[in-house]
Amino acid sequence: MTRELSALLAVASEILDSRQQRFIEGVGAPSAVVKGHDDFATELDLELERTIAAELRRRTGIEVHGEEFGGPQLTSGTTWVLDPIDGTCNYSSGHPLSGMLLALVRDGEPVLGLTWLPLLDRRYAAAAGGPLLLNGRAMPPLPHGTLTEATIGFGTFNVDARGRIPGRFRFDLLGALSAVSSRVRIHGSTGVDLAFTASGVLGGAVVFGHHPWDNAAGVALVRAAGGVATDLDGRPWTITSGSVVAAAPGVHDELLDLIGSVAEPVAMENG
């Protein structure tokens, strides 16, 4: 970790720490802004994004791109990427699997990742090159694994949904995955899935969403821990990727083989 990234990681950690109690106090907050089918934001989403972004700008001089208010483009330059509440539906219903996600992205690649899960008292942080830090303690690199022994986080879906990655493909993939590894979990939070993958709680995760604020922090964590993060087609993940397949070494190769046996993701993502 370079001195610059170490300093930025420390500042970002302090800022997220300062908002943890507010995050905990707001559990159960109702929908305030409807953003689409089954998607909404609470008033606390808006409050946290405003306060965290303001502190990041003040203390680091780096602009912020947030889920709720947007920001600079992310394919060039250096920008913070913020999701003030990941797993909003969980959070609003009182489910503990939700958190705050923050990444520093340079020219489309995440170089810092922070995933704060206040309701679980877990704080994951890493800079490019590692190590992964869990509550400030360095974790060992992820060992090589196999899909049959791994627990896999799986993205939520509606079997009848259409779009970039249709629900029918997701359903078929879930069925094929369950035949190889019966340990499949749907947590309803991309941040949780990727942080758990980085720390070895999960052997891997399949994320169908493409939003950078959902994916960038977790990808940074997984890579820092020695894992692999690509899209569904096996291309290295960047900020413009349409999906994430993240896993420990060995598990990742088997996941990609399984995905390729179910359908042709290239056609779906480009269709």
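**Exercise 1. Find out how His252 sits in its surroundings.**

Start with one atom pair: a polar atom of the His252 side chain lies 3.1 Å from the backbone oxygen of Val245. This fits the definition of a polar contact: N or O atoms within 3.5 Å, where within protein one must be able to donate a hydrogen and the other to accept it, and residues adjacent in sequence count only if both atoms are side-chain atoms.

A word on the source: this is a predicted model, in which local features need pLDDT of at least 70 and side-chain atom pairs count only at pLDDT 80 or more, while totals for chains, interfaces and linings use all residues. Residues are numbered from 1 along each chain as its sequence is written, and side-chain values use heavy atoms, with hydrogens and water left out.

Next, locate the residue: His252 belongs to helix α7, residues 251-262. (Helices are DSSP runs of H or I with at least four residues, strands are runs of E with at least two, and both are numbered from the N terminus.)

Then list the neighbours. Leaving out residues up to four places away in sequence, His252 touches Val228, Thr230, Val245, Ala246 and Ala247; contact means heavy atoms within 4.5 Å.

Last step: is His252 buried or exposed? Its relative accessible area is 3%, so His252 is buried. (Buried means under 20% relative accessible area, exposed over 50%, partly exposed in between, with a 1.4 Å probe and protein chains only.)

**Exercise 2. Examine the backbone in three loops.**

Keep the general rule in mind: most residues other than glycine have a negative phi, and most peptide bonds are trans.

Step one: Gly130 and Pro131 are joined by a cis peptide bond, with omega about 5°. Pro131 is in the loop between β7 (122-127) and β8 (133-134).

Step two: Asp107 is not a glycine, yet its phi is positive, near 50°. Asp107 lies in the loop between β5 (99-106) and β6 (109-117), and is exposed at 53% relative accessible area.

Step three: Asn135 also has a positive phi, near 50°. Its loop runs between β8 and β9 (137-138), and Asn135 is partly exposed at 37%.

**Exercise 3. Describe the whole protein.**

Count the elements: there are eight helices and 14 strands.

Now check the size. A compact globule of 271 residues would have a radius of gyration near 18 Å, and the protein agrees, with 17 Å. (This radius is taken over C-alpha atoms, and the globule rule is 2.2 Å times the number of residues to the power 0.38.)

Finish with burial: 53% of the 271 residues are buried.
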